Amino acid sequence: MAEALYKQVLIEWNALSRILGRNKNDLATTRILASRLWAISRTIKKHIIDERSTSLPKAEARKITETREVFLNDIQCSFSENNTCFMYLLHEFSLTEWETRYCILETVGFTGREIGMMIQLSCHYAYSSRIRKKFLLNPHDTNIGNHLRSLLEKSVSNLNDSLCPV
């Protein structure tokens, strides 16, 4: 159990590092991502230096995973507030609340597998599949994350051109 939690923490740490390395999010969302990465890094570093180990105690790993929901809510709120035109576009596709959250996390830069792990959803592929259908994408079209980031770029240019209805 502790090993599985530690693996989840490392997956999240790697994802955050990758996303921040690309630096493609708004400043507020980037700060939330960086804060989460810093908290995880501090915990991992402290334990590995103190214990000369490559695992975390169950309590430390659980503490990180238990704060994940707050982190995900913060990301969703920040992203929504800073990308109103994009959120309007998502709304036009009649996405459920869960599907909208999934889209936000994909747009920020998480992969479907990482999202599934973070929201404890083993059927993340089913969500992705339903979302693809709502966007009229077939399974062989572009990856959903790439499609969403393309929509985000278009919504930003529409906002700059005052074409966004929001």
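Is Asn23 buried or exposed? Select Asn23 to start the tour: at 56% relative accessibility, Asn23 counts as exposed. The model you have open is a predicted one.

**First stop: two loop residues**

Stay on Asn23 for a moment. Asn23 sits in the loop between α1 (2-22) and α2 (27-51). Check the backbone there: phi of Asn23 is near 50°, a positive value in a residue other than glycine. As background, most residues other than glycine have a negative phi.

Now jump to Ser94, in the loop between α5 and α6. Ser94 also is not a glycine, and its phi is positive, about 55°. Ser94 has 54% relative accessibility and therefore counts as exposed.

**Zoom out: the whole chain**

Switch to a cartoon view and colour by secondary structure. You will find nine helices and zero strands, so to speak a pattern of α-α-α-α-α-α-α-α-α when read along the sequence. Of the 166 residues in the chain, 43% are buried. If you draw the contacts between residues at least 6 apart in sequence, 70% of them join residues at least 24 apart.

**Next: α4 against α5**

Select helix α4 (residues 68-82) together with helix α5 (residues 84-92). Their axes are 5 Å apart, and the helices pack at an angle of about 105°. With that angle, α4 and α5 are therefore roughly perpendicular to each other. To see who meets whom, show side chains for Phe79, Ser80, Glu81 and Asn82 in α4, then for Thr84, Phe86 and Met87 in α5. Coloured by class, this contact has three nonpolar, three polar and one charged residues.

**Then: α6 against α8**

Move on to helix α6 (residues 97-108) and helix α8 (residues 124-134), whose axes come within 10 Å and cross at roughly 95°. That crossing makes α6 roughly perpendicular to α8. On the α6 side, pick Trp98, Glu99, Tyr102 and Cys103; they meet His124, Tyr127, Ser128, Arg130, Ile131 and Lys134 in α8. By class, the contact of α6 with α8 has five nonpolar, two polar and three charged residues.

**Into the nonpolar core**

Which residues of the largest nonpolar core touch the most other members? Select Leu33, Phe86, Leu90, Val108, Phe110, Phe135 and Leu148, out of the 38 residues in that core. You have already met Phe86 in the contact between α4 and α5.

Centre the view on Leu90 and show its surroundings. Not counting residues up to four places away in sequence, Leu90 touches Leu95, Thr100, Cys103, Phe135 and Leu148. Cys103 is familiar as one of the α6 residues that meet α8.

**From Phe86 to Glu153**

Next, measure from Phe86 to Glu153: the two are 67 residues apart in sequence, yet 8.6 Å apart in space, C-alpha to C-alpha. Glu153 belongs to helix α9 (residues 144-160). At 58% relative accessibility, Glu153 counts as exposed.

**Last stop: Glu114**

Finish at another glutamate, Glu114, in helix α7 (residues 112-118). Glu114 has 10% relative accessibility and therefore counts as buried. Which side chain shares a polar contact with that of Glu114? Show Arg18: a polar contact of 2.8 Å joins the two side chains. To complete the view, add Ile11, Ala15 and Gly109, which along with Arg18 are in contact with Glu114 when its neighbours within four places in sequence are left aside.

Terms used:
Residues are numbered from 1 along each chain as its sequence is written. This is a predicted model: local features need pLDDT of at least 70, side-chain atom pairs count only at pLDDT 80 or more; totals for chains, interfaces and linings use all residues. Side-chain values use heavy atoms; hydrogens and water are left out. Helices (H or I, at least four residues) and strands (E, at least two) are DSSP runs, numbered from the N terminus. Buried means under 20% relative accessible area, exposed over 50%, partly exposed in between (1.4 Å probe, protein chains only). A polar contact is a pair of N or O atoms within 3.5 Å; within protein, one must be able to donate a hydrogen and the other to accept it, and residues adjacent in sequence count only if both atoms are side-chain atoms. Contact means heavy atoms within 4.5 Å. A nonpolar core is a set of buried Ala, Val, Leu, Ile, Met, Phe, Trp, Tyr and Cys residues joined through side-chain atoms within 4.5 Å. Axes are lines fitted to C-alpha atoms, for helices over the stretch in contact, and angles run from 0 to 180 degrees between N-to-C directions. Angles under 35 degrees count as roughly parallel, over 145 as roughly antiparallel, 65 to 115 as roughly perpendicular and the rest as oblique. Ala, Val, Leu, Ile, Met, Phe, Trp, Tyr, Cys and Pro count as nonpolar, Asp, Glu, Lys and Arg as charged, and the others, Gly among them, as polar.
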